[in-house]
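The following note is offered to a colleague who is meeting this structure for the first time. Its points are numbered so that each may be taken up separately.

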Amino acid sequence: MTEPSPAGPLDGVVVVDLSRALAGPHAAMMLGDMGARVIKVESPTGDESRSWGPPFVGPEDSPVSTYFLCANRNKESIQLDLKSPSDHEALEALVQRADVLIENFRPGVMDRLGLSTGRLHELNPGLVVLSITGFGHDGPDADRPGFDQIAQGEAGLMSLTGAAAGAATKVGVPIADLLAGIHGAFGVASALVDRQHSGRGTVVRTSLLAGLVGVHAYQGTRFTVAGQVPEPSGNHHPSIAPYGAFRTADELLQIAVGNDSQWLALARVVGVDAQDARYVSNALRVAHRTELQDELEAALSREPAATWLARLRSAGVPAGRVRTLDQVYAWDQVASQGLLVEVEHPVLGRVDLPGPPLRLEDADGRSTARAAHQPPPMLGEHTQALREWLDGDVAG
């Protein structure tokens, strides 16, 4: 007898996704990747990210935004006009059947829609609500709209990123949105476990600001404990050396020396004097980073990166390439980790999407993660089927 394909650990959990753009949709997609049924509620004009481009792909009369595709796999789409009494009633019916509701409106909007926390829990006492805002649901800046570009600057991330002091640079992906979504999904999973004990729903709150401050890591304690205000250090670590990107004969090579044994191995491979008084400890190597970088690049520039990668790997020194995205998605290691998934899109046909970053296995090494993934939906694609489900005409 063939065993049924795994549906994921959140199979049976119903998520109503009222969010738009990226932070909330990313959280909802993570839950969908784990098997939850995610119902994306869209206005008559749809999620804003459906219009974000170029690039658009597909036929001219039905273009699809690649931005939208990045955050909406494993979802159904229903169109509802929340200003319409009947559509508002349909949303309340969804809430009654849901386990989770996700929203990323500015504070107060849900209240004005007649969907305050009190009303949501009146409809469904066990509902877990994830609320994602730009700067927090309270405090002096609570009313500010949340956009990744603004949050990266306000939360200090741009001040840490760039080639040199004064050259503040944003991260190349909307990292504030993504981190808020990741933290939000973690909060939802935690609240679902808590509900098993309490029987009651929880409001999970996070923000773009919180997501970024929450990952300041050693740069945060560098200020809060040591009193130093960090500045950009380009492609080199401010507290570890050598740890960064170095020029070779043909391309950049990343080297990460985390301890003295790795330093000794690197020095032997490259031909640098490991016992030079300037380099015998990490603190000294950091203090003399510029001289060390010059010496290493003088040696590394004699041969191509591929040659050095092979030697460093053999010596146990962490090293790697700087890949472009076409190289990343062509890399067999990426494929081996399930980081590409193929879906059948109703307009585009078969397409590859960046896949879930988690793998779940049982004690025998068998996958317990979702076995198949669904494409991001077309606007309102599932409206009729979902209305029938709400009316009780079909099984849910």
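**Notes on a buried lysine, the chain and its hollows**

1. Not counting residues up to four places away in sequence, Lys40 touches Asp17, Ser19, Pro25, Asp47, Phe68, Asn72, Lys75, Glu76, Ser77 and Ile78. The reader should bear in mind that this is a predicted model. Lys40 itself belongs to strand 2, which covers residues 37-42.

2. Is Lys40 buried or exposed? Its relative accessibility is 0%, and therefore Lys40 counts as buried, the limit for that class being under 20%. Among the residues that Lys40 touches is Asn72, and here the two side chains make a polar contact at 3.1 Å.

3. Lys40 may also be placed relative to a distant part of the sequence. Pro377 is 337 residues away from Lys40 along the chain, yet the C-alpha atoms of the two are 8.9 Å apart in space. For the chain in general, 67% of the contacts with a separation of 6 or more are between residues 24 or more positions apart.

4. The overall dimensions and make-up of the chain are as follows. It has 396 residues, and 41% of them count as buried. The chain contains 17 helices and 13 strands. Along the principal axes, its C-alpha atoms fill a box of roughly 75 × 55 × 50 Å. The accessible surface amounts to about 20,200 Å², and carbon and sulfur atoms hold 54% of that area.

5. The largest pocket deserves separate description. Its volume is about 840 Å³. The lining is made up of 25 residues, and those nearest the centre of the pocket are His26, Cys70, Val173, Leu178 and Pro354. By class, 17 of the lining residues are nonpolar, four are polar and four are charged.

6. Which helix gives the most to the lining of the largest pocket? Helix 1 does, with four residues. Helix 1 (23-33), helix 6 (148-154), helix 8 (175-198) and helix 15 (325-330) each supply at least two residues of that lining.

7. The second largest pocket has a volume of about 440 Å³. It is lined by 21 residues, with Arg20, Ala21, Asn104, Gly146 and Phe147 closest to its centre. This lining comprises 11 nonpolar, four polar and six charged residues.

8. Closed space within the model is a further matter. How many cavities of 30 Å³ or more are there? The count is one. The largest cavity holds about 40 Å³ of space.

9. The lining of the largest cavity consists of His236, Ile240, Ala241, Pro242, Tyr243, Phe246, Arg289, Leu292 and Gln293. Six of these residues are nonpolar, two are polar and one is charged. Strand 9 (243-247) and helix 13 (289-300) each provide at least two residues of the lining. Helix 13 makes the largest contribution to it, namely three residues.

10. In summary, a reader beginning with this model may start from Lys40 in strand 2, whose side chain contacts that of Asn72. The largest pocket, with His26 and Cys70 among the residues nearest its centre, may be examined next. The largest cavity, with Arg289 as one of its lining residues, may be taken last.

Notes
Residues are numbered from 1 along each chain as its sequence is written. This is a predicted model: local features need pLDDT of at least 70, side-chain atom pairs count only at pLDDT 80 or more; totals for chains, interfaces and linings use all residues. Side-chain values use heavy atoms; hydrogens and water are left out. On a 1 Å grid over the protein atoms alone, a cavity is a set of points where a 1.4 Å probe fits but cannot get out, and a pocket is an open set with protein on both sides within 12 Å along at least five of seven lines; lining residues have an atom within 4 Å of a point. Grid points are joined across faces, edges and corners, and a volume is the space filled by probe spheres set on the points. Ala, Val, Leu, Ile, Met, Phe, Trp, Tyr, Cys and Pro count as nonpolar, Asp, Glu, Lys and Arg as charged, and the others, Gly among them, as polar. Buried means under 20% relative accessible area, exposed over 50%, partly exposed in between (1.4 Å probe, protein chains only). Contact means heavy atoms within 4.5 Å. Accessible areas come from the Shrake-Rupley method with a 1.4 Å probe; for residues, only the protein chains shown count as cover. A polar contact is a pair of N or O atoms within 3.5 Å; within protein, one must be able to donate a hydrogen and the other to accept it, and residues adjacent in sequence count only if both atoms are side-chain atoms.
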